[in-house]
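The following exercises ask the reader to examine a structure step by step. Each task is followed by a worked solution.

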Amino acid sequence: MAYPFQLGFQDATSPIMEELLHFHDHTLMIVFLISSLVLYIISLMLTTKLTHTSTMDAQEVETIWTILPAIILILIALPSLRILYMMDEINSPSLTVKTMGHQWYWSYEYTDSEDLSFDSYMIPTQELKPGELRLLEVDNRVVLPMEVTIRVLISSEDVLHSWAVPSLGLKTDAIPGRLNQTTLMGTRPGLYYGQCSEICGSNHSFMPIVLELVPLAYFEKWSASML
Amino acid sequence: MAAAPEPGEPAKGKTFKLLGILDVENIPCARDSVLYGSLGSAVAGLGHFLLTSRIRRSCDVGVGGFILVTLGCWFHCRYNYAKLRIQERMAREGIKNKILYESTHLDPQRKPANGNGGSGVTSSTENPATTH
């Protein structure tokens with residue numbers, strides 16, 4: 001989950017999120033250098049007496065400041081497109097989970113082998129136990145096996161919602177009448193929090209998502225106990 | 001679930017960021033790149049000034065040197081870091097597969113059995129870790 005006053009990304013829990021973090025570092029370094037250059041040029045402008053009011057052409061500098069930004073954009077675009085296509089790969093998922101958005105809770109269905117479905121409501125602040133996270137805890141978490149490719153099908157029963165888990169790099173819109181698919185692969189066990197990411201009414205901020213990634217054996221025990 | 005930070009622990013949100021955006025403490029290769037860039041900037045700017053005695057132009061050369069050296073170190077370091085991550089991932093997968101599939105027909109070190117109807121038990125050889 002995020003810590004207070006956090007500005008950066010959460011630690012990555014999936015390979016895609018690791019790639020996104022690295023891409024962000026790469027782009028941020030380029031942004032930092034361009035910002036340094038611009039700050040330097042601004043400081044130069046403040047202290048120069050040089051003026052040239054009859055400039056007719058400046059072919060050389062115009063060539064440089066056309067080609068250089070183009071190169072910079074290509075350096076940013078190539079890794080970006082690589083990750084974009086990587087996010088669309090389907091790597092033979094072993095499990096399918098359906099997620100339906102409602103006002104204002106999520107419901108989950110594991111229907112691969114047995115008919116298991118449950119709703120996931122936020123725990124109100126007054127009912128939290130000590131140590132639990134305000135506006136993030138739910139009554140029924142989404143328990144999933146770790147290191148397994150999972151297909152998540154996302155839709156909505158009423159208005160637009162969005163199913164988002166930042167540490168896994170997931171955000172997919174839940175659109176009524178449409179089935180969106182995303183692929184999830186958690187690399188470490190733990191609890192991963194997310195919140196609805198599309199305005200959906202008065203309680204839009206109060207329908208969180210909690211994934212509980214566990215070893216496969218625990219997942220099998222859990223699914224047997226839920227039936 | 002995440003525990004609240006203890007009173008003695010430093011707040012996690014207080015990392016130092018260059019220009020308020022670049023977290024040099026936590027981004028791999030950032031600190032080294034910026035330090036090498038600063039060194040390159042100082043060398044280039046100072047060298048140019050010593051050769052030409054032109055202050056403004058030397059400052060321009062210094063800034064240009066900073067950008068070029070930082071970028072060069074950054075790409076070089078990130079390329080090596082990416083290769084290292086791939087090797088780590090392959091090693092992790094190899095260890096996992098070795099543990100999971102040892103003594104089964106899926107054992108990655110298992111040689112295919114000869115066609116004489118033998119028991120199929122083969123001797124395992126050392127797995128040469130071929131990293132380049």
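**Exercise 1. The five-stranded sheet**

How many bridges join strand E1 of chain A to strand E5 of chain A, and in which sense do the two strands run?

Solution. The model is a predicted one. Begin with the two strands: E1 of chain A covers residues 95-102 and E5 of chain A covers residues 150-156. They run parallel and are joined by 7 bridges. One pair can be located by residue: A:Lys98 has A:Leu153 in E5(A) as its bridge partner.

Next, place this pair in its sheet. Chain A has an open sheet of 5 strands, ordered E3-E2-E1-E5-E8, with mixed pairing. Its edges are formed by strand E3 (116-120) and strand E8 (180-184) of chain A, each of which pairs on one side only. With direction ignored, neighbouring strands in this sheet are turned by 25° against each other on average.

**Exercise 2. The three-stranded sheet**

Determine the strand order of the sheet that contains E9 and E10 of chain A, and identify its edges.

Solution. The order is E4-E10-E9 in chain A; these 3 strands form an open sheet with mixed pairing. The edge strands are E4 (142-145) and E9 of chain A, each pairing on one side only. From one strand to the next, the twist averages 25°.

Now consider one pairing in detail. E9(A) and E10 of chain A (residues 208-214) pair in the antiparallel sense, over 6 bridges. In E10(A), A:Val210 is the bridge partner of A:Tyr193.

**Exercise 3. A helix and its strands**

Which strands does helix H3 of chain A touch in the sheet of Exercise 2?

Solution. Helix H3 of chain A spans residues 216-226 and packs on that sheet, touching E4 and E10 of chain A. The direction of H3(A) makes about 140° with that of E4(A). To complete the picture, turn to the sheet of Exercise 1: H3(A) lies across E1, E2 (105-110) and E3 of chain A, and runs at about 90° to E3(A).

**Exercise 4. The contact between the chains**

Describe the contact between chain A and chain B, beginning with the residues that take part and the area buried.

Solution. Chain A contributes 30 residues and chain B contributes 29 residues. The buried area is about 2600 Å², and carbon and sulfur atoms give 69% of it. On the chain A side, A:Met29, A:Phe32 and A:Leu33 lose the most area to chain B, together 25% of what that side buries.

Then count the polar interactions. Between the two chains there are 5 salt bridges, and 7 residue pairs are in polar contact. Helix H1 (15-46) and strand E9 (190-195) of chain A each supply at least two residues to the side of chain A that touches chain B. The largest share of that side, 16 residues, comes from H1(A). By character, the residues of that side divide into 16 nonpolar, 7 polar and 7 charged.

**Exercise 5. Salt bridges across the contact**

Why does the salt bridge between B:Arg89 and A:Glu19 join two chains?

Solution. First consider the whole structure, in which a search over all chains finds 9 salt bridges. In one of them, the side chains of B:Arg89 and A:Glu19 meet at 3.9 Å, N to O. B:Arg89 lies in helix H2 (residues 55-101) of chain B, whereas A:Glu19 lies in helix H1 of chain A, so the pair joins two chains. A further salt bridge links A:Glu18 with B:Arg85, with 3.3 Å between the closest N and O atoms.

Definitions and conventions: Residues numbered from 1 in each chain as written. Chains lettered and ligands numbered in written order. Predicted model: local features only at pLDDT ≥ 70, side-chain atom pairs only at ≥ 80, totals over all residues. Heavy atoms only, no water. Contact = heavy atoms within 4.5 Å. Buried area = accessible area lost by both parts, 1.4 Å probe. Salt bridge = Lys/Arg side-chain N within 4 Å of Asp/Glu carboxyl O. Polar contact = N/O pair within 3.5 Å; in protein donor to acceptor, adjacent residues only side chain to side chain. Helix = DSSP H or I, 4+ residues; strand = E, 2+ residues; numbered from the N terminus. Nonpolar A, V, L, I, M, F, W, Y, C, P; charged D, E, K, R; others polar. Pairing = 2+ DSSP bridges. Axes fitted to C-alpha atoms, helices over the stretch in contact; angles between N-to-C directions.
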